Amino acid sequence: MEQVTRRTQVLRNHLLLQSSPPGLLSPNHCVNYSPPDVAEPFSFNPTDMRILLDAHNLPDRDWLFGLFTQSHLFNPLPRGAKVFVLPDYNQPMEQQREVTMERIWYMLEKGVYEGWLTDTSPEAQMRRFALLEVIGIYDHSLAIKLGVHFFLWGGAIQFFGTKSHHDKWLRDTENYAIKGCFAMSELGHGSNVRGIETVTTYDSNSGEFVINTPCESAQKYWIGGAAKHATHTIVFSQLNINGKNQGVHAFIAQIRDADGNVCPNIRIADCGHKIGLNGVDNGRIWFNNVRIPRENLLNSVADVSPDGQYLSAIKDPDQRFAAFLAPLTTGRVNIAIAAIYSSKTSLAIAIRYSLTRRAFSVTPNGPEVLLLDYPSHQRRLLPLLAKTYAMSFAGNDLKKIYVKRTPESNKIIHVVSSAYKATFTWHNMRTLQECREACGGQGLKTENRVGHLKSEYDVQSTFEGDNNILMQQVSKALLSEYVATKKRNKPFKGLGLEHMNKPCPVIPSQLTSSNVRCSEFQVNAFCLREQDLLHRFATEVSKYQAQGQSKEYAFLLSYQLAEDLGRAFSERIILQTFIEAEATVPAGPLKDILSLVRSMYALICLEEDAAFLRYGYLSTDNAAVVRKEVTKVCSELRPHALALVNSFGIPDAFLSPIAFNWIDANAWSSVHH
């Protein structure tokens, strides 16, 4: 009876909101939202940091952000006192596809695409990069749909075509008079482009090429735009001339008429619903004796004369094939940059949430603690923030190299874009997962973005080059440079390997908090790792060859060292671009915080890569010093966390409700009956 009486009293007091006697339950104070901007003073100007991070075309970026917020096409979502602008991923697939196309028409009318293909100046290319980055922040499907049309279809015509192709196709592509797609991947071949099975022959009697899908595995697969909207495609196919296979070539083929009807002798099927990117209409294509004019061969690399003679200034089939992969470099640059901005978005949301959400008390009857005041939470998010900063500077450097490219720089662009595409997209997926978990249950809501962005960006790890294969290509390029340099008996020059000409760096036998934050030590540690791994890799491949293995198989057997080397190369050049960006900033608060962020990047790379311990670059004692220093730098970065994410320059409307007043956004008054 005493227990019954006690429980009855507790319930009565609870219902009447009366205070309980000592020892009984008492009501807690309601949780209130406190804006972090008030409690988190800034030691540096986020506007200055944004100028450094975005680097170019800030007014153009802000103009496009404004266009999105002005139109109901971009799905304004009122939550509490704010309005957010984000796609409705709960729409059916067909509706997502149609609204993506409507948004493309809206931007066309506003002049967004002006000069995207017809102006090749570095300034125009940087503007294009900036606008595509803003589009990607809003919706990955929209960015990919545009990327296929402009950079794959349009890029193929630019790179592979000659003046007649440029005059005929580029202006109509820029104005969307035609809608292009890019048919390279097949059911049976993705990364192995050389193995594709589509076959094209030449009919000298009619002056036409004839394209065929000889078997089911040769069907073109995952072709963005093919399922519904595209009118034309670039077809990658084996070219068979007089019974001889001349390798992969690119052709222009029409697949739909102006009314959207599929052309004769072509079959198109939908790839169906996907885990993400459902605003992109991926399709499958079969060709059955499809005839196209001889002029539709993109002939900057090779041509076929009217009487059927194969003509090419590049006699080496391997070099000719490499020339056909040029448009993929553009795609890899775009994908790498998009991954950075996805990481920025998720970190801005998760860190803002962690500065207002509290959980548990550390003292009896004390206030609950902000999530970001827990050292464990700092360690989850702040190293990822530092990596995102480092990759931003690296991405900016890659864009500068790309827009000023020359035939001599194509190799370094290919190697660096491959390394960055893999490194940045892997980092993005890890960041999205950590941010999703750091937001708890709120991270599961589609409107809060971080959870859904995982499925939207997952594809980046495999399309336009599987990340693991790209990293092997990086290591293979480094190995080739190493072997060629040793054979010439001359210093290393190119691919950023000039540090190989210097004596092997020496790591201090006893690291301290002071020297691990020194940029000279950090560069030395990263160079030591890369130098040693390249030597080890070359030695191991040579050993397998000496045992009778082919060069290719010896390389495959050495895949673990290849993976370690690819990572070492990528992280070293990222660190160097960070240091170069830091050097442009005068002494003061901005430079101080950049130094701290750079140290966090370097230290977390040292801690996370087992190669530093595996190959003895760090002793176990020194590894412990690094680990301890990471925790210390996290605590020093904590007061600057809000300023660092505000520096991304992403408008509030493009984040999510939990980044702001999440109590107000979930209040009963916000529910639509």
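This is a short exchange about strand β7 and the nonpolar core in a predicted model.

Biologist: Why is strand β7 called largely enclosed?

Modeller: Buried means under 20% relative accessible area. In β7, residues 232–241, 9 of the 10 residues are buried, so the strand is largely enclosed by the rest of the structure.

Biologist: How do you know that β3 and β7 pair?

Modeller: Pairing needs at least two bridges. Strand β3 (residues 180–183) and β7 have 4 bridges, in the parallel sense, so they count as paired. Ala183 stands opposite Val235 in β7.

Biologist: What makes β4 and β7 a pair?

Modeller: They share 3 bridges, again parallel. At least two are required, so β4 (residues 199–203) qualifies. Thr200 has Leu239 of β7 as its bridge partner.

Biologist: In what sense does β8 pair with β7, and over how many bridges?

Modeller: The sense is antiparallel, over 9 bridges. Strand β8 covers residues 244–254. Val235 stands opposite Phe251 there. The two strands form a hairpin with 2 residues between them. In that turn, Asn242 has a positive phi of about 55°.

Biologist: Which residues have the most contacts inside the largest nonpolar core?

Modeller: Met49, Met107, Ile234, Ile351 and Tyr389. That core has 196 residues. Helix α10 (residues 326–354) gives the largest share, 14 residues.

Biologist: What does Met107 touch?

Modeller: Contact means heavy atoms within 4.5 Å. Leaving out residues up to four places away in sequence, Met107 touches Leu64, Phe68, Val112, Tyr113, Ile135, Leu142 and Leu146.

Methods:
Residues are numbered from 1 along each chain as its sequence is written. This is a predicted model: local features need pLDDT of at least 70, side-chain atom pairs count only at pLDDT 80 or more; totals for chains, interfaces and linings use all residues. Side-chain values use heavy atoms; hydrogens and water are left out. Buried means under 20% relative accessible area, exposed over 50%, partly exposed in between (1.4 Å probe, protein chains only). A nonpolar core is a set of buried Ala, Val, Leu, Ile, Met, Phe, Trp, Tyr and Cys residues joined through side-chain atoms within 4.5 Å.
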